[in-house]
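Student: I am new to this structure and would like a close look at one part of it, the way two helices pack against each other. Could you take me through that part slowly, and then set beside it whatever else helps me find my way around?

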Protein chains: 2
Amino acid sequence: VDNFSWLNAFKEMGTRVRDSVLDMIGSDRAGEKIGEGASGDTTSAVDKVAEDAIVSVLNEASSAGETFKFISEELGERDFGGGELVIIADPIDGSNNAKTGMPYFSTSVALASGSRIADVTLGYIINISTGEEFWAVKGEGAFRNGVRLGLAKSARTGMMSFECRNLSRDLPPAMSVMSSFRKVRLMGSIALDLAYLASGSTDLVYVASPSRSFDFAAGWLLVKEAGGVITDMEGSPLDEIPLGLTRTIPILAAADNDIHSRALKAMKAA
Amino acid sequence: VDNFSWLNAFKEMGTRVRDSVLDMIGSDRAGEKIGEGASGDTTSAVDKVAEDAIVSVLNEASSAGETFKFISEELGERDFGGGELVIIADPIDGSNNAKTGMPYFSTSVALASGSRIADVTLGYIINISTGEEFWAVKGEGAFRNGVRLGLAKSARTGMMSFECRNLSRDLPPAMSVMSSFRKVRLMGSIALDLAYLASGSTDLVYVASPSRSFDFAAGWLLVKEAGGVITDMEGSPLDEIPLGLTRTIPILAAADNDIHSRALKAMKAA
């Protein structure tokens with residue numbers, strides 16, 4: 001797998017998504033319902049326009065002779081000539097923010113040599129509002145705008161990110177973890193939360209609701225390559241999670257083992 | 001008061017703050033403690049650099065013959081030749097985000113013909129990460145990047161913003177309000193929360209902890225000029241709040257009267 005030539009393709013996707021969606025963010029048009037995505041969520045215009053931008057790059061890669069399978073939130077699975085290679089994308093992670101104009105949403109794309117999270121070799125996330133790019137190449141490190149990220153060297157911030165689908169249900173059990181952090185953020189994009197954790201902005205990401213692998217495939221590699229920890233709520237690795245469209249498990253990611261164990265312990269005590 | 005010539009000065013402040021702080025966001029340097037601000041919070045390098053950028057514009061206005069009093073989070077009060085005019089600023093609203101690199105923080109500046117919130121005639125807020133500019137001129141409307149905002153025409157999004165200083169204390173009493181919203185955001189900048197409410201991105205802003213007038217002076221005018229409602233937690237206007245450095249009251253702002261009354265009612269029932 002040529003991770004570096006795919007990285008260029010992923011950056012091109014980021015550029016095209018930004019170019020095609022920035023003008024519609026927060027407008028009625030962005031939120032226009034145009035069907036139901038393969039993953040079961042409603043597809044809005046902004047999701048579809050972003051996915052089309054990604055597919056336009058994939059069509060070019062395919063014409064140039066690349067073969068792969070594409071898995072994406074809206075269109076589901078599409079075969080581009082077969083083979084083992086998988087590209088999995090969330091065209092817009094944080095659709096509610098993109099539709100309403102809250103500036104925290106992203107495109108997340110990952111490349112894998114097989115069908116499980118452990119097979120991911122390249123992850124790319126772009127903050128569409130700011131243009132910040134985050135990527136990780138297996139064995140080569142994690143980067144933000146080209147600058148290498150390293151959590152081992154970072155000062156801890158005392159901030160954590162929390163995400164959930166149902167606040168009344170998911171918040172009370174999380175309070176024991178939250179109360180040990182100085183600041184809690186609830187921003188609305190799991191992929192970006194993981195990117196900013198990998199960047200040292202937060203110390204913990206707690207996703208209380210079952211997530212889809214297209215939400216966290218790229219972020220999983222970013223966190224690991226930056227030196228962080230990412231598991232399910234039992235502390236087990238995500239390696240065997242299939243790359244696909246179904247909701248699988250809640251996620252706990254941390255800047256280091258110590259923060260991760262303390263959060264697991266607080267959860268169990270609650 | 002020449003609101004429009006001051007608007008140009010405020011935009012120049014926004015440009016200079018962005019130019020001076022963008023490179024340090026999320027770095028150790030940004031969070032370097034360099035003293036205690038006049039408002040009692042710790043002053044970090046990013047706060048000081050942003051305030052200096054604002055003061056550089058004010059020095060030029062003063063040299064050109066303008067007279068006013070300046071109130072700001074770090075330096076406190078400074079007299080520029082006396083008179084009734086007050087300029088009140090939060091150089092960085094959302095300092096924790098700016099220090100750690102979470103992309104949601106702003107500069108907020110307001111102009112007033114006297115010493116109370118009701119005297120504010122111009123409000124300006126810039127999202128430093130994205131460059132989005134929000135402003136309102138009393139009697140002339142509210143704008144985002146020059147486009148007029150009007151909440152009367154907006155579709156409601158079912159999203160609300162929440163801010164507080166102590167989650168364990170402030171969150172439980174807010175659950176009754178939160179549970180009636182589809183999505184809750186906890187982003188970390190009161191000024192930006194009010195700007196995005198005025199833009200129709202959210203329907204409600206609930207600030208549970210007492211806020212300082214430099215946090216909400218500009219947002220207050222934005223929300224009102226966009227057609228929204230902004231009060232304390234009793235539903236009383238903020239008009240008589242003095243422009244100054246002390247923590248005064250929690251805030252409840254809404255896209256319309258109906259949403260505002262429902263939130264007040266849910267609070268009282270809790």
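Tutor: In this predicted model, helix 7 (residues 190–198) of chain A packs with helix 8 (residues 213–226) of chain A at an angle of about 5°, and their axes lie 8 Å apart. Angles under 35 degrees count as roughly parallel, and helix 7 of chain A and helix 8 of chain A are therefore roughly parallel to each other. On the side of helix 7 of chain A, the contact is made by A:I190, A:A191, A:L194, A:A195, A:L197 and A:A198, while helix 8 of chain A contributes A:D215, A:F216, A:G219, A:W220, A:L222, A:V223 and A:A226.

From these helices we can turn to a strand of chain A, namely strand 7 (residues 133–137), which is mostly covered, with 5 of its 5 residues buried. A:E133, A:W135 and A:V137 point one way from strand 7 of chain A, whereas A:F134 and A:A136 point the other way, and all are buried.

Strand 7 of chain A pairs with strand 6 (residues 120–127) of chain A through 5 bridges, the two running antiparallel, and within this pairing A:G123 has A:A136 of strand 7 as its bridge partner. The hairpin that these strands form has 5 residues between them, and there A:G131 takes a positive phi near 85°. Strand 7 of chain A is also joined by 4 bridges to strand 8 (residues 141–144) of chain A, again in an antiparallel arrangement, with A:V137 standing opposite A:G141 of strand 8. In the hairpin of strand 7 and strand 8 of chain A, which has 3 residues between the strands, A:G139 takes a positive phi near 80°.

In chain B, helix 3 (residues 45–63) has 19 residues and reaches 27 Å from its first C-alpha to its last, close to the 27 Å expected at 1.5 Å a residue. Its buried residues include B:A45, B:V46, B:V49, B:A53, B:I54, B:V57 and B:L58, and just after helix 3 of chain B, B:G65 takes a positive phi of about 105°.

Finally, chain A is superposed on chain B by a rotation of 180° with 0.0 Å of shift along its axis, at an RMSD of 0.0 Å, and the two copies are thus related as by a two-fold rotation axis. The same surface serves both copies, since 100% of the contact residues of chain A recur in chain B.

Terms used:
Residues numbered from 1 in each chain as written. Chains lettered and ligands numbered in written order. Predicted model: local features only at pLDDT ≥ 70, side-chain atom pairs only at ≥ 80, totals over all residues. Heavy atoms only, no water. Buried < 20%, exposed > 50% of the residue type's maximum accessible area, 1.4 Å probe, protein only. Pairing = 2+ DSSP bridges. Least-squares fit on C-alpha atoms with pLDDT ≥ 70 in both. Contact = heavy atoms within 4.5 Å. Expected span 1.5 Å × (residues − 1). Axes fitted to C-alpha atoms, helices over the stretch in contact; angles between N-to-C directions. Parallel < 35°, antiparallel > 145°, perpendicular 65-115°, else oblique.
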